[in-house]
Amino acid sequence: MVFVSNQLSIKLRTYLGEPCMYFTFRGKFTKDVSQLATESWGNQFDDHPNKTYAFIWDCMEMSGFELAARTVWYEMMSKHKSRISKVIVISDNIMIRGAARVMMNLFGVSSTIFKSREAYENIASNVDG
């Protein structure tokens, strides 16, 4: 476990054979939690300077986010974007998927978006067992 709060948990996993950080968002994502979480996953990069990670953002329980939370997230992603191999977004909310697409285009990070956990798990379990 990299980070845990009521609004977000971050676990270390693998995805398609590579290290990843699995983010589970719950409720409204706030600036305060964003600051704590980005510090935590930023430290993970600092502690493992030669490692890249895929990010999996499970937003199925996310109701929204504060713009300030997104700004904090952008800043840390900008710092580490060369070490983020891809971002997988899981959300049934069109607004959250749209915001994620904009972010990925901004950073030029490879991304895949799934509308359900089941769709994601079908891909992940076929490779990672």
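**Exercise 1. Place Leu16 and classify its exposure: is Leu16 buried, partly exposed or exposed?**

Step 1. Start with the cut-offs: buried means under 20% relative accessible area, exposed means over 50%, and partly exposed lies in between (1.4 Å probe, protein chains only). Leu16 has a relative accessible area of 37%, so Leu16 is partly exposed.

Step 2. Now the location. Leu16 sits in the loop between strand E2 (8-15) and E3. Helices (H or I, at least four residues) and strands (E, at least two) are DSSP runs, numbered from the N terminus.

Step 3. Check the backbone too: Leu16 is not a glycine, yet its phi is positive, at about 50°.

A word on the ground rules before we go on. This is a predicted model, in which local features need pLDDT of at least 70 and side-chain atom pairs count only at pLDDT 80 or more, while totals for chains, interfaces and linings use all residues. Residues are numbered from 1 along each chain as its sequence is written, and side-chain values use heavy atoms, with hydrogens and water left out.

**Exercise 2. Describe the overall fold: how many helices and strands does the chain have, and in what order do they run?**

Step 1. Count the elements: the chain has 4 helices and 6 strands.

Step 2. Read them from the N terminus, and the order is β-β-β-α-β-α-β-α-β-α.

Step 3. Compare the radius of gyration with the globule rule. The radius is taken over C-alpha atoms, and the rule is 2.2 Å times the number of residues to the power 0.38. For 129 residues the rule gives 14 Å and the chain has 13 Å, which is close, so the chain is as compact as a globular protein of that length.

Step 4. Add the extents: the C-alpha trace spans about 35 × 35 × 30 Å along its principal axes.

Step 5. Look at burial and contacts. Buried residues account for 47% of the 129 residues. With contact meaning heavy atoms within 4.5 Å, 72% of the contacts between residues at least 6 apart in sequence join residues at least 24 apart.

**Exercise 3. Find the salt bridges: how many are there, and which parts of the chain do they link?**

Step 1. Recall the idea: side chains of opposite charge can pair when their charged atoms come close. The rule applied here asks for a side-chain nitrogen of Lys or Arg within 4 Å of a carboxyl oxygen of Asp or Glu. It yields 3 salt bridges.

Step 2. Take Glu18 and Lys86, whose closest N and O atoms are 2.4 Å apart. Glu18 belongs to strand E3 (residues 18-29) and Lys86 to strand E5 (residues 84-90), so this pair links distant parts of the chain, 68 residues apart. Both Glu18 and Lys86 are buried.

Step 3. Move to Arg117 and Asp58, with closest N and O atoms 2.5 Å apart. Here helix H4 (residues 117-128) supplies Arg117 and strand E4 (residues 53-65) supplies Asp58, 59 residues apart. Arg117 is partly exposed at 28% relative accessible area, whereas Asp58 is buried at 2%.

Step 4. Arg117 also forms a salt bridge with Glu61, at 3.0 Å from N to O. Arg117 lies in helix H4 and Glu61 in strand E4, so the pair ties together parts 56 residues apart in sequence.

Step 5. Put the shared partners together: Asp58, Glu61 and Arg117 form one network of salt bridges.

**Exercise 4. Examine Glu61: which residues is Glu61 in contact with, leaving aside its neighbours within four places in sequence?**

Step 1. List the partners: Phe25, Arg26, Gly27 and Arg117.

Step 2. Classify the exposure: Glu61 is partly exposed, at 40% relative accessibility.

Step 3. Set sequence against space: Glu61 and Glu39 are 22 residues apart in sequence and 22 Å apart, C-alpha to C-alpha.

**Exercise 5. Look for a charge without a partner: what is the nearest side chain of opposite charge to Arg97?**

Step 1. Locate the residue: Arg97 is in helix H3 (residues 94-107).

Step 2. Search for the counter-charge, taking Lys and Arg as positive and Asp and Glu as negative, without His and the chain ends. The nearest is Asp92, 6.1 Å away, and Arg97 is buried yet has no salt bridge.

Step 3. See what surrounds it: apart from neighbours within four places in sequence, Arg97 is in contact with Ser91, Asp92, Ile113, Phe114 and Lys115.
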